[in-house]
Amino acid sequence: MVSLFGPLVLLLAYYRCTRCRTSCKPWDQVLGLSERALTPAAMQVVAQAGVLVSFGQASEQTLPRMSGLRVSESTVERTTEDAGQRVMAQQQQGNSPGAKSCWQWQRDAQGRSCAYVGLDHTGIRQQGPAGAHAEGKMAGVGIVYNPRSEHDPAKPPRHQVRFVAGFLELDELGRQLRRQADAVGIASADQQIALSDGGAGLERVLKTFFPRAVCIIDFWHAKEHLVELAQALYPQDESARKAWLDSWCHRLKHQGGKATLESLRQMDLSTASPALREIHRKQLTYFQNHCHRMDYPDYLAKGWQIGSGPVEAACKTVVGNRLKGGGMRWGEPGANAVCHLRAVYLSEPSCWQRFWSGELAP
């Protein structure tokens, strides 16, 4: 077998029942040995390399240089994906990878403790059997986090964040995120805040699993809809486009979504082209559907965040940096397993430590 100290040869008792024709090696289970012929410590290091870099790079460069381990690319791949599948199995059983704790949530301008959650999706390129073409698939990403606040002199410990990620139905994504949030004591926060973009179904899931939360739509996502309208209004006049956009973004930020919606309704487009009227109609519909989550003046006055940057960054950090490299294509089971394992690895350190301490006999 392969250990962190090099290859080992163990002589272990092997038992076989002649009556029922079954066999076993009890010490395999006692020592936590896997069918990959890796010791538990070597298994963890190999899986860690597999979630950080490509399986080939982990085999050829990362592991030999950092630990002296020499295993094949396929061993790195199988070990990493096996670990991810164990994370999935644990979560399906209702377990949270990290230890239970109660974060000291940062306080807003009113002195109320605030807990933040967010949801988003990001695409992963896929391939079928034998490298056949396959449509990409959207991975869900959830985050619960405790950001630093300028209104609270007490700084939270660094890296108070937990992720969930994988090819999950929306309700299951929300359920797993709620489980992680409960594990860090979200119920103790005075205020729960849920941030997302305008993705279909995200608000429903956040309201379902975080009924106490105030749902906020990302300000910069809303701004992009004004950008699209500005480009249609002033396609050739950059200075006029910028002046219009600055004015409307100021209105959105300091007067809110309802005031912006009313201004959109009052625009006179009687002489505008059909294309411009269609773009205006789309933006009007968007603000009608989401203005109840755009009370930005009130959110800012309370010292709340109005951007979904942390969850968008999670899409890149948890999923994109590993699974969306140049030319990468994934089978669905492998991509799903790596997403789950990276979510554990990049969450606060106790999650990775607890997962491996409880998985000595996979």
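These questions and answers walk through a predicted model.

Colleague: Which residues make the nonpolar surface patch of about 510 Å²?

Modeller: Two parts of the chain numbering contribute names here. W27, V30 and L31 belong to the patch. The other names are L8, L10 and L12.

Colleague: Is L10 buried, partly exposed or exposed?

Modeller: L10 sits in the loop between β2 (6-7) and β3 (15-16). Its relative accessibility is 39%. Buried means under 20%, and exposed means over 50%. The value for L10 lies in between, so L10 counts as partly exposed.

Colleague: How are helices α9 and α10 oriented to each other?

Modeller: Two packed helices are described by the angle between their axes and the distance between the axes. Helix α9 covers residues 257-265, and helix α10 covers residues 274-290. They pack at about 150 degrees. Angles over 145 degrees count as roughly antiparallel, so α9 and α10 are roughly antiparallel.

Colleague: How far apart are the axes of α9 and α10, and what is the hand of their crossing?

Modeller: The crossing of α9 and α10 is left-handed. Their axes are 9 Å apart.

Colleague: Which residue forms a salt bridge with E262 in helix α9?

Modeller: The partner also lies in α9, three residues from E262, about one turn of the helix. The closest N and O atoms are 3.8 Å apart. A salt bridge needs such atoms within 4 Å, so this pair qualifies. E262 is partly exposed at 36%, and its partner is R265.

Colleague: What separates K207 and E203 along helix α6?

Modeller: K207 and E203 form a salt bridge, with the closest N and O atoms 3.0 Å apart. Helix α6 spans residues 202-209. The two residues are four apart in this helix, so they are separated by about one helical turn.

Colleague: Which of K207 and E203 is buried?

Modeller: K207 has a relative accessible area of 44%, so K207 is partly exposed. Buried means under 20%. At 16%, the buried residue is E203.

Colleague: What is the N to O distance in the salt bridge of D298 and K302, and which residues do shared partners join into one network?

Modeller: The side chains of D298 and K302 meet at 3.1 Å, N to O. Salt bridges that share partners make one network of E203, K207 and R293.

Colleague: How many salt bridges does the structure hold?

Modeller: The pairs include K207 with E203. E262 with R265 is also among them. The structure's total is 12.

How values were computed: Residues are numbered from 1 along each chain as its sequence is written. This is a predicted model: local features need pLDDT of at least 70, side-chain atom pairs count only at pLDDT 80 or more; totals for chains, interfaces and linings use all residues. Side-chain values use heavy atoms; hydrogens and water are left out. Patches are made of residues with over 30% relative accessible area and no salt bridge: like charges are joined within 9 Å, nonpolar side chains (Val, Leu, Ile, Met, Phe, Trp, Tyr) within 5 Å. Accessible areas come from the Shrake-Rupley method with a 1.4 Å probe; for residues, only the protein chains shown count as cover. Buried means under 20% relative accessible area, exposed over 50%, partly exposed in between (1.4 Å probe, protein chains only). Axes are lines fitted to C-alpha atoms, for helices over the stretch in contact, and angles run from 0 to 180 degrees between N-to-C directions. Angles under 35 degrees count as roughly parallel, over 145 as roughly antiparallel, 65 to 115 as roughly perpendicular and the rest as oblique. A crossing is left-handed if the near helix is turned anticlockwise from the far one by less than a right angle, and right-handed if clockwise.
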